Structure formats: C-alpha cells, structure tokens
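Here's a quick look at a protein model, written for someone who will want the numbers up front. Have a look at the chain first, then read on.

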Amino acid sequence: MRRVSLSQIRKEVVISTARSGGPGGQHVNKVETKVVLRFNVEKSNILSELEKSIIKTAHGSKMTKEGELIITADGKRSQLKNKEIAFKKLDRLLAKAFIKKKKRKPTQPTKAAKRKRFDEKKKHSEKKKLRQKPI
C-alpha cells in the first residue's frame with residue numbers, strides 16, 4: 001500500500017477556525033485559535049477506492065455520514081500551532097489506517113509454565129487443607 005502524502009491531501013482539506021476554550025484567559029474570548037480540519041474521504045481525488053474503504057473501516061466512527069473525517073485541535077494559544085497539530089493528527093490517522101495488523105500465531109504453554117502452574121495449584125491446595133478441621 002502506498003503512503004498517502006500530506007502535501008497532496010492539504011489541497012483537499014477544508015480548514016476552519018473557531019473560538020476555543022482552554023488556556024489563554026481573556027485572550028480566548030477574542031481570538032479564534034481552535035482549528036477544525038475537514039477531509040472528505042468520499043469525494044477525494046487522491047485516494048483510490050481501496051484506500052477509501054480502508055480508511056472507512058479503520059476510522060468510520062470519526063467520520064460523518066457524508067464521509068468527512070473531522071479533526072480538531074485547540075490545545076495551544078496559537079492558531080498556527082493548532083493547525084500544525086491538526087495536520088499531524090490527520091497524518092497519524094491516515095498512517096495508522098494503512099498499517100497492516102500482524103496475524104496472531106497461536107502458541108502452546110511451555111513445559112516450565114505448566115510445571116509452575118501445577119506447583120502453584122499444589123501449594124494452594126495444601127494451604128486450604130491446613131485450614132480444614134480434622135475429622
């Protein structure tokens with residue numbers, strides 16, 4: 001699977017700003033520092049149909065009904081820093097979607113592990129027997 005470059009996706013991302021909460025005091029009431037990125041996966045010209053379906057399955061819960069992937073960043077006092085953080089989040093989300101998951105190989109417990117489990121059970125049994133009243 002090819003790596004989707006962020007520079008290509010930037011062309012299709014719609015950026016909007018809003019007033020944000022968080023650090024900044026009175027400053028937050030005056031300046032729009034929150035950044036909202038909207039990337040429409042459904043209408044993207046860059047992604048193939050296979051890539052679109054992979055993104056939908058990986059991040060379907062973060063997408064709208066129209067197929068938009070929405071990312072917000074409002075942790076910093078600067079709009080520029082929040083914009084950088086939002087694009088990093090988008091890059092991470094896309095990279096995470098295309099990572100192939102390793103198949104789990106079923107294994108058997110080792111002889112040492114079985115022996116240890118058996119010894120622990122024996123100790124536990126003896127401890128319980130000591131607590132019993134003699135017949």
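The notes below go through confidence, fold, shape and surface.

## How far to trust it

Keep in mind that this is a predicted model. The mean pLDDT comes out at 87, with 96% of residues at 70 or more.

Confidence does vary along the chain. Of the elements, helix 5 (residues 111-131) gets the highest mean pLDDT, 96. At the other end sits helix 2 (residues 27-30), with the lowest mean at 76.

## What it's built from

The protein has five helices and three strands. Read from the N terminus, the order is α-β-α-β-α-β-α-α.

So how does the overall size fit the chain length? The radius of gyration is 27 Å, while the globule rule gives 14 Å for 135 residues, so the protein is more spread out than a compact globule. The C-alpha trace tells you the extents: about 80 × 45 × 25 Å along the principal axes.

## Contacts and burial

Take the contacts between residues at least 6 apart in sequence: 62% of them join residues at least 24 apart. As for burial, 25% of the 135 residues count as buried.

## Surface and charge

About 10,700 Å² of the protein is exposed, and carbon and sulfur atoms account for 53% of that area.

How many charged side chains of each sign are there? The count is 40 positive and 13 negative. If you're setting up electrostatics, note that the centres of these two sets lie 10 Å apart.

Technical notes: Residues numbered from 1 in each chain as written. Heavy atoms only, no water. Helix = DSSP H or I, 4+ residues; strand = E, 2+ residues; numbered from the N terminus. Rg over C-alpha atoms; globule rule 2.2 N^0.38 Å. Buried < 20%, exposed > 50% of the residue type's maximum accessible area, 1.4 Å probe, protein only. Contact = heavy atoms within 4.5 Å. Areas by Shrake-Rupley, 256 points an atom, 1.4 Å probe, with all protein chains shown as cover. Lys, Arg positive; Asp, Glu negative; His and termini not counted. Charge placed at Lys NZ, Arg CZ, Asp CG, Glu CD. pLDDT = per-residue confidence, 0-100.
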